[in-house]
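Biologist: Please choose a single part of this model and look at it closely for me, from its place in the whole chain down to its individual residues. I would like one connected account that I can follow with the structure open on the screen.

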Amino acid sequence: MRELTLVFQHPDFYVLNKPAGAPMHANDHEPSIVHQLADQLGERLWPVHRLDTPTSGALLVARNAAAAKALSQQFAERSIAKTYLAIAAGKPKKKQGWIIGDMEKARRGNWRLSHRKENPARTQFVSHTIAPSYRLYLLKPTTGRTHQLRVALKSLGVPIVGDQRYGGEPHANLHLHAWKLAFTYQGETIAVVAPPPDYPLFVAATTKAVLAN
């Protein structure tokens, strides 16, 4: 079983740097990532939110039921600020701003962004050139819909590298990483960063210091 890395420890919760490919729900091949961490640490843990299986990065896991309830409520109330990193090839329709629209089901379990805004998914973003034909996107979703960020970049004409579902440039790994969580817990301000994977394009982004802020 893989060794899991914590990036923050608190008496009531942990923040794990979830590896890409680790599932939130048990399957025929391996247990859920929360159960893997519980086995590694030898204590009971509670999931608070989720990341898609191919997405890496900061995953908040509670150490008791009371903390799980409080933190889950913060996610529901959208009071936890989340920043993701994504890398895509090509020229986007715009380089910064907002991506807003309703999420609609499409074929084969896919989603698409519509122009309607009755109950919209909302993502603020900026982007930076990191290599010829590649840009790094810093994504700040204020809603939490299935495949929201993957669909958001697809709507800009630049699906994420490794996102086979939405037509991204082929790669073994989806280049989408939950980079930062910021929130208040029992009066304490918490800000946690999970270092991105060592994929060459993420290394290029780090080298260019676009993540300094």
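**Strand S10 and the loops at its ends**

Modeller: Of the 213 residues in the chain, 48% count as buried, and I give that figure at the start as a background for the part I have chosen, strand S10. Please keep in mind throughout that this is a predicted model. The chain holds four helices and 12 strands, and its C-alpha trace spans about 45 × 40 × 40 Å along the principal axes. For a chain of 213 residues a compact globule would have a radius of gyration near 17 Å, and the chain, with 17 Å, agrees with that expectation. Among the contacts with a separation of 6 or more, 60% join residues that stand 24 or more positions apart. The surface that the chain exposes comes to about 11000 Å², with carbon and sulfur atoms supplying 49% of that area.

Within this setting, strand S10 runs over residues 134–141, and seven of its eight residues are buried, which leaves the strand mostly covered. S10 is paired with strand S5, residues 81–89, in the antiparallel sense over six bridges, and also with S9, again in the antiparallel sense, over eight bridges. If you want a point of reference in each pairing, look for Ala86, which stands opposite Tyr137 of S10, and then for Gln124, which stands opposite Lys140 of S10. When you follow such a strand by eye, it helps to remember that in a regular strand the side chains alternate between the two faces of the sheet.

The connection that leads into S10 deserves a careful look. Strand S9, residues 121–131, forms a hairpin with S10, with two residues between the two strands. One residue of that turn is Ser133, whose phi is near 75 degrees, a positive value in a residue other than glycine. Is Ser133 buried or exposed? Ser133 counts as exposed because its relative accessible area is 56%, and the cut-off for that word is over 50%.

At the other end of the strand, the chain passes through a loop between S10 and helix H3, residues 148–155, and His147 lies in that loop. His147 also has a positive phi, of about 60 degrees, although it is not a glycine. Its surroundings, however, read otherwise: His147 has a relative accessible area of 12%, and it is therefore buried, since that class takes in values under 20%. The two loops that flank S10 thus offer you a residue with positive phi in each, with Ser133 exposed and His147 buried.

For a second hairpin to set beside this one, turn to strands S1, residues 5–9, and S2, residues 13–18. These strands pair in the antiparallel sense over four bridges, and a hairpin of three residues joins S1 to S2. Gln9 has Tyr14 of S2 as its bridge partner. Asp12 lies in the loop between S1 and S2, and with a relative accessible area of 16% this residue is buried. Not counting residues up to four places away in sequence, Asp12 touches Ala62, Arg63, Asn64, Ala67, Tyr185 and Gln186. Of these, Asn64 is 52 residues from Asp12 in sequence, while the C-alpha atoms of the two are 6.4 Å apart in space.

Notes:
Residues are numbered from 1 along each chain as its sequence is written. This is a predicted model: local features need pLDDT of at least 70, side-chain atom pairs count only at pLDDT 80 or more; totals for chains, interfaces and linings use all residues. Side-chain values use heavy atoms; hydrogens and water are left out. The radius of gyration is taken over C-alpha atoms; the globule rule is 2.2 Å times the number of residues to the power 0.38. Buried means under 20% relative accessible area, exposed over 50%, partly exposed in between (1.4 Å probe, protein chains only). Contact means heavy atoms within 4.5 Å. Accessible areas come from the Shrake-Rupley method with a 1.4 Å probe; for residues, only the protein chains shown count as cover. Two strands pair if DSSP finds at least two bridges between them.
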